[in-house]
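Here are a few notes to read alongside the model. Have the viewer open and click through the residues as you go.

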Amino acid sequence: MTPPPILSPAAPTTAPDLVAGFPFPFPNPTYRYTTNVEPARGVVTTPAGQWGAAVVDVDSAYAEELAERAAILERDPSRHAVLPHMDVACWDAMLCLMRELALARPDAFALEPLEGPRAAYRWRNDLLGIDHAFVLGDASTLPEPPLRWITAQVQEDVVLLDERDGVLYGDAGVVTFAADWSFGFDVGMSFLEIHGPVPRIHSEGVITRAHEFIKRLQPNETYRRTNWTLTVHRRLDVSTETYPDWGPDRPMVLGVDDETFGRLVHLRTEVQHLVRLPESGAVMFLIRSYLLPFDELARVEEWRERAAAVIAELPEDMADYKGIATYRDRAAAWLRAQAPTP
Ligand code: HEM
């Protein structure tokens, strides 16, 4: 007997909560780089649902994405790096992420201080079956280093920035889902150096303003911004390291039929949070990557129309930097062609 196909061509490829919670990144009909930061936790309603209430977002892809992160780290340990002076920041980040998880999903996560003279806690993650007591700062009480352990429990990538002499440096992190950059290459670089390859933002002052803004963040203050690109396939790891695996998809997608194009090309939104950690003074930068295939996006009329306009109008240097120059015209035309017939 032939097994039934996993997905019929007409079936949605994405779980309903991933559409309803998709952070559509285009508030305007054109897109330019700006220092687009706003206070975190504000709920944004969209034609499909809403997003933004939580700093750390847990959705139906939780188990799948964490398994992918674990496999990537196993293959390539350079996705996790902590410079020696970042130890306190890693503990700080772990505690902050635990608190955020418990805030977002009190039914599934709990952090409880334990009685006694030492800074002891009990952490429960019911989604992964973890129930563990630890002492803050005592690595022997954790199964793994603190940043590694907690990033196995959140879907976000994490970079920790240290501030020295008025300059921010990306000195620690776990990044498995980078969009066309390399954490292993960037670790230890300053904020300005990290943004070196991005066109426009230096001459337009976007990045110096962002740097000054981040340095003014007070302990526990939390802001967010979005960034976006297009990705072929539902592929979270499009890092420089794996370019040979995904680079050829960009020209390849020009050769596929329309039905396949709509299934393969995804709008990728990054929701990025910035938190000033209270004990170490480090800045925690969270990058959460959401992928929505065009054929799902096009079912939401406002999104279809807006995405088509933004992608068609995007200046060439920005399209080039985002790696979408070869197929963005087809992407815009594809979206336009899905307009409902009057
Ligand atoms: C308000 C804060 C920030 C602003 C306004 C900002 C702005 C930008 C912009 C406009 C891009 C180009 C994105 C694209 O076209 O796809 C970019 C890329 C990037 N940003 Fe930021 N960013 C901010 C914070 C951060 C922080 C805290 C980090 C932490 C390390 C970071 C790491 C990166 C990296 C690694 C890239 C890719 C660079 C490459 O191509 O190698 N950003 N950022």
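**Notes on the packing and the charged pairs**

1. Start with Ile311. Skipping its neighbours within four places in sequence, Ile311 is in contact with Trp228, Leu230, Phe294, Arg328, Ala331, Ala332 and Leu335. Keep in mind that this is a predicted model.

2. Now zoom out a little. Ile311 belongs to the largest nonpolar core, which has 58 residues. Together with Trp228, Leu230, Phe261, Leu267, Phe294 and Leu297, Ile311 is among the members that touch the most others in that core. As a bit of background, nonpolar side chains tend to be buried together in soluble globular proteins.

3. There's also a second core, separate from that one, made of 39 residues. Its members include Ala40, Met86, Cys90 and Val174.

4. Cys90 brings us to the cysteines. How many disulfides does the structure hold? The count is zero. Take Cys90: the closest cysteine sulfur is in Cys96, and because the two sulfurs are 13 Å apart, they are too far away for a bond. A disulfide would need the sulfur atoms within 2.5 Å. Turn it around and Cys96 tells a matching story, as its nearest cysteine sulfur is that of Cys90, 13 Å away, and Cys96 is in no disulfide.

5. Are these two cysteines buried or exposed? Cys90 is buried, at a relative accessible area of 3%. Cys96 is buried too, at 11%.

6. On to the charges: there are 29 salt bridges in the structure. One of them pairs Asp131 with Arg122, with 2.7 Å from N to O. Asp131 has a relative accessible area of 48%, so it counts as partly exposed. Arg122 is partly exposed as well, at 32%.

7. Arg164 is worth a click. Which residues does Arg164 pair with in salt bridges? One partner is Asp162, where the closest N and O atoms are 2.8 Å apart. Another is Asp171, also with 2.8 Å between the closest N and O atoms. Check the accessibility while you're there: Asp162 is buried at 15% and Asp171 is buried at 1%, whereas Arg164 is partly exposed at 34%.

8. Last one: some salt bridges link up. Asp57, Asp59, Glu156 and Arg288 are joined into one network by salt bridges that share partners. Try selecting those four residues together and tracing the links yourself.

Conventions
Residues are numbered from 1 along each chain as its sequence is written. This is a predicted model: local features need pLDDT of at least 70, side-chain atom pairs count only at pLDDT 80 or more; totals for chains, interfaces and linings use all residues. Side-chain values use heavy atoms; hydrogens and water are left out. A nonpolar core is a set of buried Ala, Val, Leu, Ile, Met, Phe, Trp, Tyr and Cys residues joined through side-chain atoms within 4.5 Å. Buried means under 20% relative accessible area, exposed over 50%, partly exposed in between (1.4 Å probe, protein chains only). Contact means heavy atoms within 4.5 Å. A salt bridge is a side-chain nitrogen of Lys or Arg within 4 Å of a carboxyl oxygen of Asp or Glu.
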